[in-house]
Amino acid sequence: MNLEDRKNIHGFRLLDEQMVTEVNSKTKLFEHEKSGARLLFLENDDDNKVFSVTFRTPPTDSTGVAHIVEHSVLCGSRKFPLKEPFVELVKGSLNTFLNAMTFPDKTMYPVASRNEKDFRNLMDVYLDAVFFPNMLKDPEILMQEGWHYELDDKDSELTYKGVVYNEMKGVFSSPDAILDHKILEILFPDNTYGFESGGDPDVIPELTYEQFCEFHSKYYHPSNSYIFLYGNMDIADTLKFLDGEYLSKFAKQPIQSAITPQQAFTKPVDKVFPYAVSTSEPTEDKSMLSLNFVVSSANNAQSYLAFQMLAHLLLDTPAAPLKKALIDAGIGKEVFGYFTESLLQPTFSIIYQGQIKQTKKNLLRLSIKHFKHW
Ligand SMILES: [Zn+2]
């Protein structure tokens, strides 16, 4: 069937289509009329087909609820009531990519496969997981994936355990990760980016089962979803499957998941944080100094591309001029930086590691102005 002939196919309305020569693909943008799901299809001759379903999941605290829900939807669902369908999938599937990831503002479930049957099966497992997960009727899934109390015997100390709790304790034992978290916390005091979407181990145990289920019910709805398809496939048949098996079962809803942009500060913010090292480790050369900016918006294609290039040119090679100037200034030993691309308000960071000397004075002499925070 030729899509050009029909503006509505299996419940989907074709909103836009154009040729994007850079990716050698014809792009087709659809909306599923009943559920409000948005779908972008990149049609080309690549047999390595990709499917992804993404939800906007901006957190309002640092309990890691977005991350715990990401783990938990993969712990069995209506059609696939296995304990760990994800683990089984990795074993038996011909996939070329299979993962799930939580960002500060969204959660993605992407898969890729060259085999048509395998591709359809993977889509089925993921869609059933995100829309009909067993976590909504089994509180033990939160305990296992999020947090629970643990007591080995009656005299031992009561501790917290849980897959995400333990994972984030590991993450938070790295000074780099603590710094990344603090950078966002300070740059974004008024919007969702100030929270730790992965979960701060000190805050994770505040998450209740009710909040956990509410988060899923609010955000894991087709009206809040972005579906992505790529490659050489029978698109009409794929749309029929998506509509018949999943999307037609939901009615469109208004869902508040948009991100309120952080307003610029009126003056720079300067903060100092201590962090722990083990008692056997020396503390010299362990300081870090970081200068951070919020840079425009992800919707500004020009500044977005410019900063990707600038970050590389200024900081990525030993001859990079900013890196060289900062090292020559003798403030610290190691200098690196990056442009964080995955946020609505991207950030640009310059980080020093090692013995930091006369930090502020030296940096000011380098006349880096218009900063938001040291
Ligand atoms: Zn995880």
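This report walks through a zinc site and a run of paired strands in a predicted model.

## The zinc site

Start with the metal. The zinc ion picks up its protein donors from His67 (NE2), His71 (NE2) and Glu167, which gives two OE atoms, and these lie 2.1 to 2.6 Å from the ion. Don't expect a neat polyhedron here: angles among the four donor atoms run from 54 to 152°, and the site is irregular. A tetrahedral label would need all angles between 85 and 135 degrees.

Along the chain, the donors follow the spacing H-x3-H-x95-E. His71 sits in helix α1 (residues 65-73) and Glu167 in helix α5 (residues 163-171), so the pair ties together parts that are 96 residues apart in sequence. As for solvent, His71 is buried at a relative accessible area of 17%, while Glu167 is partly exposed at 35%.

## Strand β3 and its partners

Now for the strands. β3 (residues 25-32) is mostly covered, with six of its eight residues buried. On one hand, β3 pairs with strand β2 (residues 12-20) in the antiparallel sense over eight bridges; Arg13 has Glu31 in β3 as its bridge partner. On the other, β3 pairs with strand β4 (residues 38-43), again antiparallel, over six bridges. There, Thr27 has Leu42 in β4 as its bridge partner.

## The two turns

β2 and β3 make a hairpin with four residues between them, and Asn24 in that turn has a positive phi of about 50°. The hairpin of β3 and β4 has five residues between the strands, and Gly36 takes a positive phi near 85°.

Methods: Residues are numbered from 1 along each chain as its sequence is written. This is a predicted model: local features need pLDDT of at least 70, side-chain atom pairs count only at pLDDT 80 or more; totals for chains, interfaces and linings use all residues. Side-chain values use heavy atoms; hydrogens and water are left out. Donors are N, O and S atoms within 2.8 Å of the metal (3.2 Å for Na, K and Ca); water is not among the atoms, so sites may look incomplete. Four donors count as tetrahedral if all angles lie between 85 and 135 degrees; four count as square planar and six as octahedral if opposite donors are over 155 degrees apart and all others between 65 and 115; anything else is irregular. Buried means under 20% relative accessible area, exposed over 50%, partly exposed in between (1.4 Å probe, protein chains only). Two strands pair if DSSP finds at least two bridges between them.
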